[in-house]
Protein chains: 2
Amino acid sequence: MHKQEVTIYDVAREAKVSMATVSRVINGNSNVRKETRERVEAVINRLHYQPNAVAQGLASKKTTTVGLIVPELTNLYFAELSKGIDDIALLYKYNIIISSIENRLMKEDEVIQSLLNKQVDGVIYMSNRLPDKVANAFKQTNTPVVLAGTKDNRDEFASVTIDYQKADTEALNLMYNDGKKNLAIVVGDPDTVVNKDNRIPAYRKFLADHDIAEEHIYTKINNYSDGYNLYSQLEKDGVDGVIVTRDVTAVGILNSVMDAGKNIPKDLEIITASATQIASVVRPALTTIKQPLYDMGAVAMRMLTKLMNNEEVDGIHVQLPYELLKKQSTLNQ
Amino acid sequence: MHKQEVTIYDVAREAKVSMATVSRVINGNSNVRKETRERVEAVINRLHYQPNAVAQGLASKKTTTVGLIVPELTNLYFAELSKGIDDIALLYKYNIIISSIENRLMKEDEVIQSLLNKQVDGVIYMSNRLPDKVANAFKQTNTPVVLAGTKDNRDEFASVTIDYQKADTEALNLMYNDGKKNLAIVVGDPDTVVNKDNRIPAYRKFLADHDIAEEHIYTKINNYSDGYNLYSQLEKDGVDGVIVTRDVTAVGILNSVMDAGKNIPKDLEIITASATQIASVVRPALTTIKQPLYDMGAVAMRMLTKLMNNEEVDGIHVQLPYELLKKQSTLNQ
DNA sequence: GTGAAAGCGCTAACAG
DNA sequence: CTGTTAGCGCTTTCAC
């Protein structure tokens, strides 16, 4: 960034108007006579003038920039959400500052603070943990936040999700009706709100409703190899049907089963609870709880635009419909 | 963004120093007496003062923000590059404004212009097309640019790549030595610099060197279903070995082959030229030209930091080593 | 419909 | 080592 070549002042001088008028033209303010507007626009084009967004931000206290907090960049689940967010952001002319928080070099609240210092107008939060420090920083600076694809037990933050309990119950039912009675659930961090208050309770309720005593909850299973290595344990425990939160983990289990010479879905049914492209290109293809990720991102961003403009939003917690997509990893096709 | 609660002025008043001194403390300027520094820091902590990065940006003409241009958000190839970029950006305290250009709502040069208006200090460019308009805008604003995982035929922009010609030649050789003589290459856009000036010439040279007359170049094959649908044509053309630029396309071909009851690698060998996690989790696993994506991103970002600080860089075009990773889609394991 | 003027919050000479 | 003083480029009352 070097000395700006042409500023609003140059345009004003050349067009023989005041900076104020140029500013009005730039911002589409209707209080400008047609001829004046055209004269100014001609100069803008001739000089190739481009407004300095930083100066605009300082003067107007709006940066038309939103922050995106994502746990990991290389996870298609968040990438698909981000795509929905990005499209709507573009539509409303917002830029996106993205921050992943997987890197432990900086603590989460420092990352967020740096975003806040950049004066973002709003934040979309996809991490499954919202520490008090962070929540307070948002409230203190009055920055609107929308959670996308995740929840928080504070009810104060807007969120866009699906009905995780219902979805999981439906998935468990599917396998149960296929004759699988020794069902399990495989999650990463068991303490996230989605897992702790939704998935795991749904699983336990299902067991209770069907008078099944023995529960199989596998936690801290985060990636492909965790999944791959888990299968021997599943086999030992006699599990014959499993819900796996992350699809790449499910693929790990899938490959492990096949390498062991077993059959999917006969020996083990698998349903993944967050399906990306990976779930559909592996063979056998995975039965999935299909979340409308793109739409969830789009709705979240749209809601954020309203929040940033202090517009009315009807309902701060929206749940979008999901689909239980039967593929080859369950019997009942 | 609302009226900022505490500014540098408040800190100055409370600490009984001038704004300049507070500024020095914030920026780690050594010209401050220890006691003064500590007094100021105490006030900063007590008041929870956070500098306004927008104001800093306007005054200093540096935003500590870089722009990231990516063709699509939901492509793991770019996601893995981005991760390398992000880690180094964090290390040097830069924020990242990400812009995908897949959405045709706005033209590419408008997207870039909006980035430039935000006064980014530099740009990492991953799109495989760099229009003149964009190139000129970069030069005019003096914004340094580094291309990551792609090339441009202007030599003026720094780039981080692998040796595509060498890699492809090696891949073709591998298949040739497996007895495959009817080799093909599958690309998306044939007019990108990487394809037009590197991959395709390498392929043609290989054919010439081995006295093979018939060439099979399939273009505009961009995604999974394009790949899936291509196989019937490959079969018709008697192709027995193929390099596919994008791995998800390769998986499309792979599944199509298997659905046709044919065998991989016996009936067809496949090597993908840009491998992400997808290439390794499908079965049979794909033999790949393994690009060091994370490192490429990291090196590109590191180079950009130097360019932004007008530091010396030795060599503006860096090529990183790749690896030909033999898996199950080729015979010669 | 247009202009003058006062900032937005901070940095960076320049003095001292 | 510290303070004074101009800006950075733009928006936004408030007059006229």
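**Entry 1: strands in chain B**

I began with strand 10 of chain B, which pairs with strand 12 (residues 323-325) of chain B in the antiparallel sense over three bridges. I took two strands as paired if DSSP finds at least two bridges between them. Strands here are DSSP runs of E with at least two residues, helices are runs of H or I with at least four, and both are numbered from the N terminus. I looked up Lys290(B) and found Glu323(B), in strand 12 of chain B, as its bridge partner. Strand 10 (residues 287-290) of chain B also pairs with strand 9 (residues 269-272) of chain B, in the parallel sense and over two bridges. There, Thr288(B) of strand 10 stands opposite Thr272(B).

**Entry 2: what I am working from**

I note that this is a predicted model, in which local features need pLDDT of at least 70 and side-chain atom pairs pLDDT 80 or more, while totals for chains, interfaces and linings use all residues. Residues are numbered from 1 along each chain as its sequence is written, chains are lettered from A and ligands numbered from 1 in the order written, and side-chain values use heavy atoms, without hydrogens and water.

**Entry 3: DNA strand C**

I listed the residues near DNA strand C (a heavy atom within 4 Å of it). There are 29 residues around the strand, and Arg24(A), Arg33(A), Thr36(A), Ile8(B) and Tyr49(B) come nearest. They divide into twelve nonpolar, eleven polar and six charged. For these classes, Ala, Val, Leu, Ile, Met, Phe, Trp, Tyr, Cys and Pro are nonpolar, Asp, Glu, Lys and Arg are charged, and the others, Gly among them, are polar.

Which parts of DNA strand C do the atoms within 4 Å of the protein belong to? I found 63% in sugar or phosphate and the rest in bases.

I then checked single distances. A side-chain N or O atom of Ser23(B) is 2.6 Å from a phosphate oxygen of DNA strand C. For Asn52(B), a backbone N or O atom lies 3.1 Å from a phosphate oxygen of the strand. A polar backbone atom of Ala55(B) is 3.4 Å from a base nitrogen. Helix 2 (19-26) and helix 4 (53-60) of chain A, with helix 2 and helix 4 of chain B, each give two or more residues to this surface.

**Entry 4: strand C and helix 4 again**

I looked up helix 4 of chain B once more, in the lining of the second largest pocket, where helix 4 gives the most, with six residues.

How values were computed: A polar contact is a pair of N or O atoms within 3.5 Å; within protein, one must be able to donate a hydrogen and the other to accept it, and residues adjacent in sequence count only if both atoms are side-chain atoms.
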